[in-house]
Amino acid sequence: MLKVLLLFIILIAGIVLGPVLSGHQGYVLIQTDSQNITTSITALVIMFLLLQFLLIFIGWCYRRLKRTSTFTHSWVFGGYKRSRARSQTKQALLKLAEGDFKQVEHLMTRNIDHAEHPVVNYLLAAEAAQQRGDYFRTNQYIERAAEVADKDQLPVDITRVRIQLAQGEIHAARHGVDNLLNRAPRHPEVLRLAEQAYSLSGAYQSLIDILPSMMKVDLRNEEEILKVRQQAYIGLMNQVMAEKGSAGLKVWWKDQNRKIRHDIALQVAMAEHLIECNDHDMAQQIILNGLKQQYDERLLLLIPHLKANDAEGVQKVLAHLLKQHGATPLLNSTMGQVALRHGEWVNAETAFKAALAQRPDAHDYAWLADALDRLQKREEAAQARSQGFMLTLKRESDIEA
């Protein structure tokens with residue numbers, strides 16, 4: 001177009017200046033065998049410019065015609081392939097719902113270059129290949145998707161991590177999750193994959209760190225978040241116990257904030273770990289402090305497993321709970337077991353009879369029989385054992401039925 005504009009400017013200049021120079025325009029002679037052609041220089045220039053304009057116009061018409069032909073060919077044949085690719089993608093989604101992963105992979109990869117979103121087709125094909133256990137093709141599709149996706153790599157990386165978790169490549173998935181969290185720290189699927197990767201790899205502190213983000217995006221409700229947090233802290237306890245034993249556990253527990261140390265589930269877990277490490281004094285301290293803060297039967301159930309020397313402290317706390325919360329079967333049974341462990345046969349007999357008066361229990365009958373034996377009450381002991389035995393048989397028959 002710039003050339004055409006330039007020619008028009010020259011033509012107009014010639015028309016304007018032609019009459020001015022008419023007296024000095026000279027002439028041009030073109031001689032052939034049969035004739036002579038004479039014209040002025042102005043006329044020759046005008047004819048030359050017109051000829052140039054004509055040639056440019058013919059060239060423009062040719063290019064336009066060629067471009068139109070190419071577009072028509074692309075529209076006719078490319079449009080057909082795009083339509084076919086769209087139809088095959090729809091069929092593949094239906095097969096995905098049916099669980100026919102072989103057909104999903106086949107349909108997703110046919111005419112994939114003409115699909116509306118080739119990267120989606122490659123990713124779904126990778127998922128289908130993974131479901132079939134064809135890891136070679138899975139990786140091929142993932143790499144191809146990464147090439148097609150160009151700068152939008154987030155869906156590709158999320159799919160890669162999901163597939164790595166499904167294939168059991170836990171450490172590779174954890175590395176991928178770390179990178180994803182740097183790029184999209186509140187992406188729901190990234191957080192879901194991070195929770196799974198951190199749990200499986202034992203990265204419990206990393207799991208705890210992402211819990212606030214999981215709460216903000218409503219990935220889990222408050223109760224579920226609390227459960228995940230408790231499991232993560234128990235996982236940390238296992239690691240500390242394995243690496244540093246009871247001494248490390250006590251230091252770690254003291255370093256936790258008040259909210260963690262007052263969590264009943266974590267108090268129970270900590271006491272269980274200390275009992276396993278044979279540190280009964282520290283376990284007893286945690287259990288009794290927990291019961292003073294809040295009555296919870298999970299803590300109460302651990303008391304009979306303690307082998308600490310401070311029986312008086314335990315009995316004092318149990319007596320206080322008895323006054324504060326009333327005589328419950330478990331509380332009476334626990335008092336009886338503590339008394340039985342420390343040779344207080346009369347107190348044990350009284351506590352077990354009080355527990356059995358509230359509800360029958362085979363274990364309490366057996367412990368009562370032991371206390372009665374120590375008190376030389378053989379007949380009552382035999383009767384208690386018989387009642388416990390009958391109760392056990394009844395429960396077994398109920399379970400079988």
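Reader: How many helices and strands are in the protein?

Author: There are 19 helices and two strands in the protein. Keep in mind as we go that this is a predicted model.

Reader: What share of the 401 residues is buried?

Author: Buried residues account for 38% of the 401. On the outside, the accessible surface comes to about 24800 Å², and 56% of that belongs to carbon and sulfur atoms.

Reader: And how should I read the contacts along the chain?

Author: Take the contacts between residues at least 6 apart in sequence: 51% of these join residues at least 24 apart.

Reader: Let's look at the surface. Which residues make the nonpolar surface patch?

Author: Leu51, Phe53, Leu54, Leu55, Phe57, Ile58 and Trp60 make a nonpolar patch of about 670 Å². Trp60 sits in helix α2, which covers residues 41-98.

Reader: Is Trp60 buried, partly exposed or exposed, and how do I tell?

Author: Use the relative accessible area: under 20% is buried, over 50% is exposed, and partly exposed is in between. Trp60 has a value of 42%, so Trp60 is partly exposed.

Reader: Now the aromatic rings. What describes a pair of them?

Author: Two values do the job: the distance of the centres and the angle of the planes. For the angle, under 30 degrees counts as stacked, over 60 as edge-to-face, and the rest as tilted. The count for this structure is four aromatic pairs. One of them is Tyr233 with Trp252, a tilted pair with 6.3 Å centre to centre and 55° between the planes.

Reader: Which pair do the rings of Trp252 and Trp253 make: stacked, tilted or edge-to-face?

Author: Their centres are 6.4 Å apart and their planes stand at 40°, so Trp252 and Trp253 are a tilted pair. Put together, Tyr233, Trp252 and Trp253 form one aromatic cluster.

Reader: Are these residues buried or exposed?

Author: Tyr233 is buried at 8% relative accessible area. Trp252 has 13% and counts as buried, and Trp253 is buried with 6%.

Reader: On to charges. How many salt bridges does the structure hold?

Author: The structure holds 20 salt bridges. The test is a side-chain nitrogen of Lys or Arg within 4 Å of a carboxyl oxygen of Asp or Glu. Arg137 and Asp134 pass, because their closest N and O atoms are 3.6 Å apart. Arg137 is partly exposed at 37% relative accessibility.

Reader: How far apart, N to O, are Asp157 and Arg160 in their salt bridge?

Author: The distance between these side chains is 2.7 Å, N to O. Asp157 and Arg160 are three residues apart in helix α6, so about one helical turn separates them. Asp157 counts as buried at 16%, whereas Arg160 is partly exposed with a relative accessible area of 24%.

Reader: Which salt bridge links distant parts of the chain?

Author: Look at Glu195 and Arg220, whose side chains meet at 2.9 Å, N to O. This pair links distant parts of the chain: Glu195 lies in helix α8 and Arg220 in the loop between α9 (204-216) and α10 (222-255), 25 residues apart. Glu195 is buried at 11%, while Arg220 is partly exposed at 27%.

Reader: Which residues do salt bridges that share partners join into one network?

Author: The network joins Glu127, Arg162, Glu189 and Arg192. Let's go through it by residue. Arg162 is in helix α6 (residues 154-166) and is partly exposed, with 26% relative accessible area. Glu189 lies in helix α8 (residues 188-201).

Reader: What does the side chain of Glu189 make a polar contact with?

Author: The Glu189 side chain makes one with the side chain of Arg192 at 2.7 Å, and another with the side chain of Arg162 at 3.2 Å.

Reader: And which residues is Arg162 in contact with, leaving aside its neighbours within four places in sequence?

Author: The list is Glu127, Glu189, Arg192 and Leu193. Arg162 and Arg192 are 30 residues apart in sequence and 9.9 Å apart in space, C-alpha to C-alpha. Glu189, not counting residues up to four places away, touches Ile158 and Arg162.

Reader: One last residue: where is the place of Gln337?

Author: Gln337 is in helix α16 (residues 329-341). With a relative accessible area of 16%, Gln337 is buried. Beyond its neighbours within four places in sequence, Gln337 is in contact with Pro304, Phe352 and Trp367.

Note on methods
Residues are numbered from 1 along each chain as its sequence is written. This is a predicted model: local features need pLDDT of at least 70, side-chain atom pairs count only at pLDDT 80 or more; totals for chains, interfaces and linings use all residues. Side-chain values use heavy atoms; hydrogens and water are left out. Patches are made of residues with over 30% relative accessible area and no salt bridge: like charges are joined within 9 Å, nonpolar side chains (Val, Leu, Ile, Met, Phe, Trp, Tyr) within 5 Å. Accessible areas come from the Shrake-Rupley method with a 1.4 Å probe; for residues, only the protein chains shown count as cover. Helices (H or I, at least four residues) and strands (E, at least two) are DSSP runs, numbered from the N terminus. Buried means under 20% relative accessible area, exposed over 50%, partly exposed in between (1.4 Å probe, protein chains only). A polar contact is a pair of N or O atoms within 3.5 Å; within protein, one must be able to donate a hydrogen and the other to accept it, and residues adjacent in sequence count only if both atoms are side-chain atoms. Contact means heavy atoms within 4.5 Å. Rings of Phe, Tyr and Trp (its six-membered ring) pair if their centres lie within 6.5 Å; planes under 30 degrees apart count as stacked, over 60 as edge-to-face and the rest as tilted.
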